[in-house]
Amino acid sequence: MLRLEIENIIKSHGLSVTKSRKKVLKYFLKLNKPLDLKTIRSLVNPIDRVTLFRILSCFEKKGIIHSIRLENGQHLYAICKETCRDGQHSHQHIHFTCESCDDVSCLSIDNFPNLSLTNYKFNNININVSGVCQACIF
Ligand SMILES: [Zn+2]
Ligand SMILES: [Zn+2]
Ligand SMILES: [Zn+2]
């Protein structure tokens, strides 16, 4: 089932299905949480660095995954849950870092702010929030 789902995602974003692309996407779906480059690399081993980087930037451009840049310089990638399309990411979620376990997650929130300003077109709103996650709160 997952295999079909993976192929469908790749195809529906206008990409051809390759073994490496399937492998990379598989881990994003399986783990369902933001992953840093180091983790992705060890998971998709033996895909080499250049190929992996090409796949990630291609996925990002096509709206399959998005980048998360945290204030501490950490760079993660996460699967896009909303209907992101070719070059257009539209996210209604925040990036949450737990101060206790360092876990990072994409969280959908109610009342996502609707920001606007005359004569400007906002494409991306990135909100980074830190606090205590549900696993650490008690
Ligand atoms: Zn996206
Ligand atoms: Zn936590
Ligand atoms: Zn996210």
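## Close-up views of a helix and two zinc sites

**View 1. Helix α2 and its surroundings.** In this predicted model, the buried residues of helix α2 are covered by elements that include α1 (2–12), β1 (35–36), α3 (37–44), α4 (49–62), β2 (65–69) and β3 (75–79). Which residues of α2 are buried? They are Arg21, Val24, Leu25, Tyr27, Phe28 and Leu29. The helix itself runs over residues 19–31, 13 residues in total. From its first C-alpha to its last, α2 reaches 19 Å, close to the 18 Å expected at 1.5 Å a residue. Look just after α2 to find Asn32, which takes a positive phi of about 50 degrees.

**View 2. The zinc ion (ligand 1) and its four donors.** Here, Cys80 (SG), Cys84 (SG), His89 (ND1) and His91 (NE2) are the protein donors, lying 2.1 to 2.3 Å from the zinc ion (ligand 1). Why is this arrangement called tetrahedral? Because the 4 donor atoms subtend angles of 95 to 121 degrees around the ion. Along the sequence, these donor residues follow the spacing C-x3-C-x4-H-x1-H. Both Cys80 and Cys84 are buried.

**View 3. The zinc ion (ligand 3) and the strands it meets.** His66 (NE2), His93 (NE2), His95 (NE2) and Cys106 (SG) coordinate the zinc ion (ligand 3) at 2.0 to 2.3 Å. This site is tetrahedral, with angles of 104 to 114 degrees among its 4 donor atoms. The spacing of its donor residues in sequence is H-x26-H-x1-H-x10-C. His66 sits in strand β2 and His93 in strand β4 (residues 93–98), so this pair ties together parts that are 27 residues apart in sequence. His66 counts as buried at 4% relative accessibility, and His93 counts as buried at 5%.

Notes: Residues numbered from 1 in each chain as written. Chains lettered and ligands numbered in written order. Predicted model: local features only at pLDDT ≥ 70, side-chain atom pairs only at ≥ 80, totals over all residues. Heavy atoms only, no water. Helix = DSSP H or I, 4+ residues; strand = E, 2+ residues; numbered from the N terminus. Expected span 1.5 Å × (residues − 1). Buried < 20%, exposed > 50% of the residue type's maximum accessible area, 1.4 Å probe, protein only. Contact = heavy atoms within 4.5 Å. Donors = N, O, S within 2.8 Å, 3.2 Å for Na, K, Ca; no water. Tetrahedral: all angles 85-135°; square planar, octahedral: opposite > 155°, others 65-115°.
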